[in-house]
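Thanks for sharing this one. Here are some notes to read with the model open beside you.

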Amino acid sequence: MSAIEWVNGLMDTLGAPGAGVAIALENLFPPIPSEAILPLAGFAASTGKLSLLAVLLWTTAGSVVGALALYGVGALLGRDRTVALAARLPLVKAADIERTEAWFLRHGTKAVFFGRMIPVFRSLVSVPAGVERMPLPVFLALTTLGSALWNTAFVLAGHALGANWTQVTDVVSAYSKVVLVAAAVAVAVFVVVRLRRRPEPATDGTPSGTPEGSAPPPARPSRAAR
């Protein structure tokens, strides 16, 4: 059974709440794309099978529930555990984590709001919000507003296109690929830059970090020699 058939069956069984359940799961399992669920729900509303208002309300509620679950994951991890996990990643330094944290403290509200409109990032942005313990009322307000805008656009597009609702999915699929390629390029640039900055090991027996032509510092006498 394809994802579309599964979502369609869910809406047949539960109605508009089924679309909300599918969107909540989409936050936790990004391979189920909201770009397919929302226009499909809009199409179902255009046939009279579902109420348009109910679809908008339930899909937005599903987005908020899914985001809250990931916020909880970040809150449970906490800053110390997150830093410890990140420090184990190759090429990642403590300074990188500190810069990321400082960036999120400055721009976290914009990231949470606008992040709801960027594939993949839409789900992931809830985790650092939980790690940094963004005030829950602020997180809920930004998530609800951003999700409502995103969901409404896609549901109304599916409603307007009717049986041609898949055209929405095709357009946003191209958008998602651009986002993923941009993210991959950014990661590749980071890796290349970090590898070039790594100090090369000394090959002449001189300890790394000792200037060429200078003697290493004298060894301190042991207690027995004093």
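1. A word on surface first: the accessible areas here come from the Shrake-Rupley method with a 1.4 Å probe. On that basis the protein chain exposes about 13400 Å², and carbon and sulfur atoms supply 68% of that area. Please keep in mind throughout that this is a predicted model.

2. Now the overall build. The protein chain has nine helices and zero strands, so its elements, read from the N terminus, run α-α-α-α-α-α-α-α-α. Of its 226 residues, 34% count as buried. Among contacts between residues at least 6 apart in sequence, 73% join residues at least 24 apart.

3. I would start browsing at the N-terminal end, with α1 and α2. Helix α2 covers residues 16-28, and its axis comes within 6 Å of the axis of α1. The two axes cross at roughly 140°. Why is this pair called oblique? Angles over 145 degrees would count as roughly antiparallel, and the crossing at roughly 140° does not reach that cut-off, so α1 and α2 are oblique to each other. On the α1 side the contact is made by W6, V7, L10, M11 and L14; α2 brings A16, P17, G18, A19, V21, A22 and L25.

4. Helix α1 also meets α3. Here the axes come within 10 Å and cross at roughly 45°, which makes α1 oblique to α3. The crossing is right-handed. From α1, the residues in contact are I4, V7, N8 and M11; from α3, they are A36, I37, L40 and A41. Do look at V7 and M11, since both are listed for the contact with α2 and for the contact with α3.

5. How many salt bridges does a search of the whole structure find? The search finds one. It joins the side chains of D12 and K49, at 2.3 Å from N to O. D12 lies in helix α1 (residues 3-14), while K49 sits in the loop between α3 (34-46) and α4 (52-87), so the pair ties together parts that are 37 residues apart in sequence. K49 is partly exposed, with a relative accessible area of 39%.

6. R122 deserves a click. This arginine is in helix α6 (residues 121-124) and is buried, its relative accessible area being 6%. Leaving aside neighbours within four places in sequence, R122 is in contact with E26, S34, E35, G115, R116 and W150. The C-alpha atoms of R122 and S147 are separated by 9.1 Å, although these residues are 25 apart along the chain.

7. S126 is another residue to inspect. Its place is in helix α7 (residues 126-131). Is S126 buried or exposed? Its relative accessibility is 0%, so S126 counts as buried. Beyond its neighbours within four places in sequence, S126 is in contact with A67, L70, Y71, R116 and F139. R116 therefore appears in the contact lists of both S126 and R122.

8. Lastly, a backbone detail. R133 has a phi near 55°, a positive value in a residue other than glycine. Where is R133 found? The residue is in the loop between α7 and α8 (136-161). With a relative accessible area of 53%, R133 is exposed.

Key:
Residues numbered from 1 in each chain as written. Predicted model: local features only at pLDDT ≥ 70, side-chain atom pairs only at ≥ 80, totals over all residues. Heavy atoms only, no water. Helix = DSSP H or I, 4+ residues; strand = E, 2+ residues; numbered from the N terminus. Buried < 20%, exposed > 50% of the residue type's maximum accessible area, 1.4 Å probe, protein only. Contact = heavy atoms within 4.5 Å. Salt bridge = Lys/Arg side-chain N within 4 Å of Asp/Glu carboxyl O. Axes fitted to C-alpha atoms, helices over the stretch in contact; angles between N-to-C directions. Parallel < 35°, antiparallel > 145°, perpendicular 65-115°, else oblique. Left-handed = near helix turned anticlockwise from the far one by under 90°.
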